[in-house]
Amino acid sequence: MRRARCLTLVTLVLLATAARAEDPRPLALLEAMAGAGQSIHYRGSFTYEHSNSMESFRVFHWVDDGRAHDRVEALNGPESSLQRLGPGDTCQPLGYRLLQTGPTETGEEASGDDSAPELDRLDNYYQLSLRGEERIAGRPTYTLEVRPRDLLRYGYILNIDQETGLLLRSLLIDENHGVLERFQFVELELEDEADTVRREAKSLPGETASSPECDTRSPKTPSDWMLSWVPPGFVFSGERQLAEDIDMLMYTDGLASFSVFLQPFSGQISVEGRAKSGATSAFMGQLAAGARDFRVTVVGEIPVHVAEQLARGISPRLIPALQD
């Protein structure tokens with residue numbers, strides 16, 4: 001889970017390289033941070049703190065032919081590194097489009113016409129305020145507070161680089177105003193050419209992973225499953241078929257996200273219960289779908305009681321494949 005979480009953070013950093021944060025209005029800062037364009041090359045070091053532990057990483061980021069690359073090296077513990085290839089610069093994932101238009105009341109994506117105020121739907125679920133300026137990793141940043149308007153999601157304090165729009169620090173805040181996770185750059189060097197960063201990154205051994213293919217469509221509902229309740233503001237963002245016949249359903253509100261995993265099982269005792277690591281909550285349960293039993297797991301950056309409510313509200317659609 002630690003390495004997967006690290007990749008999630010690097011993905012957030014990657015998406016934040018889109019635009020200059022010249023406009024200090026809160027909505028404009030979020031849109032700059034989440035933009036789809038990728039244009040800068042850098043190397044840097046950052047820390048990741050969660051569950052009373054802290055890890056250190058070094059990241060190399062460069063762009064080739066419109067596609068971003070990240071090589072992340074662990075600086076403590078066993079030696080390891082992982083390279084990630086991002087989507088093309090024309091790809092605008094649903095999370096970014098939600099930041100621009102927001103979901104409608106029915107859970108479908110808004111039309112995004114010019115008459116609709118930008119990001120007004122996101123503003124229904126989070127209170128956004130600029131808290132001033134602060135130096136992070138020796139660079140000036142805007143400090144943005146993102147406070148939830150309900151108890152169904154977490155809050156954030158984000159430090160966004162004024163020159164590049166890069167996210168340099170992120171604090172994830174729970175309902176009791178405690179810090180669940182802290183991500184922070186401690187060193188950042190920008191480069192004019194990709195070759196310099198690429199050569200350094202290629203000298204590190206390790207695995208390579210690619211992002212899923214870009215899909216700009218707006219999926220409406222899962223193919224085989226129904227959720228009786230979804231937190232307001234969250235919309236279905238896609239599904240995947242994983243190994244061992246596991247279905248994965250994904251949801252986002254533009255900032256936070258969660259996933260639902262459904263795995264068939266038989267002849268085993270299914271474990272039910274809650275788990276929490278930093279800001280990542282999980283709930284595992286089970287359900288019957290015709291003659292088959294499924295293990296249900298909800299994992300995401302949401303309070304654990306929300307994960308449990310989601311897991312208990314899942315049911316199959318009336319599809320013969322699930323009734324066999």
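1. Let me start with Glu244, bearing in mind that this is a predicted model. Glu244 is exposed, its relative accessible area coming to 60%; the cut-off for calling a residue exposed is over 50%. You'll find Glu244 in the loop that joins β12 to β13 (246–252). Have a look at its backbone too: phi is positive, about 60°, although Glu244 is not a glycine. Most residues other than glycine have a negative phi.

2. Ser51 deserves a look alongside Glu244. Its phi is positive as well, about 50°, and Ser51 is not a glycine either. Ser51 sits in the loop between β1 and β2. With a relative accessible area of 42%, Ser51 counts as partly exposed, because that class covers values between the 20% and 50% cut-offs.

3. Back to β12, since it belongs to a sheet. Six strands make up this open sheet, in the order β12-β13-β14-β17-β16-β15, and the pairing is antiparallel. Which strands stand at the edges? They are β12 (235–242) and β15 (273–277); each has a single partner strand, so one side of each is left without a neighbour in the sheet. From one strand to the next, the twist averages 20°.

4. Within that sheet, take the pair β16 (residues 280–289) and β17 (residues 292–300). The two run antiparallel and are joined over nine bridges. If you want a register marker, use Ser281, which stands opposite Gly300 in β17.

5. Now add the helix that goes with these strands. Helix α5, residues 304–312, lies across β14 (257–265), β15, β16 and β17. Against β16, α5 runs at about 15°.

6. Helix α4 (residues 194–202) is my last item. Which of its residues are buried? Ala194, Val197 and Ala201 are. They cover an arc of only 75° around the axis, which puts them on the same side of α4. As a reminder, an α-helix has 3.6 residues a turn, so residues three or four places apart point the same way. Turn to the other side of α4 and you meet Arg199 and Lys202, both exposed.

7. What do the buried residues of α4 pack against? Their partners are the strands β1 (41–50), β2 (53–64), β3 (67–74) and β9 (179–191). That takes us back to point 2, as β1 and β2 are the strands on either side of the loop that holds Ser51.

Technical notes:
Residues numbered from 1 in each chain as written. Predicted model: local features only at pLDDT ≥ 70, side-chain atom pairs only at ≥ 80, totals over all residues. Heavy atoms only, no water. Pairing = 2+ DSSP bridges. Helix = DSSP H or I, 4+ residues; strand = E, 2+ residues; numbered from the N terminus. Axes fitted to C-alpha atoms, helices over the stretch in contact; angles between N-to-C directions. Contact = heavy atoms within 4.5 Å. Buried < 20%, exposed > 50% of the residue type's maximum accessible area, 1.4 Å probe, protein only. Arc of directions from axis to C-beta.
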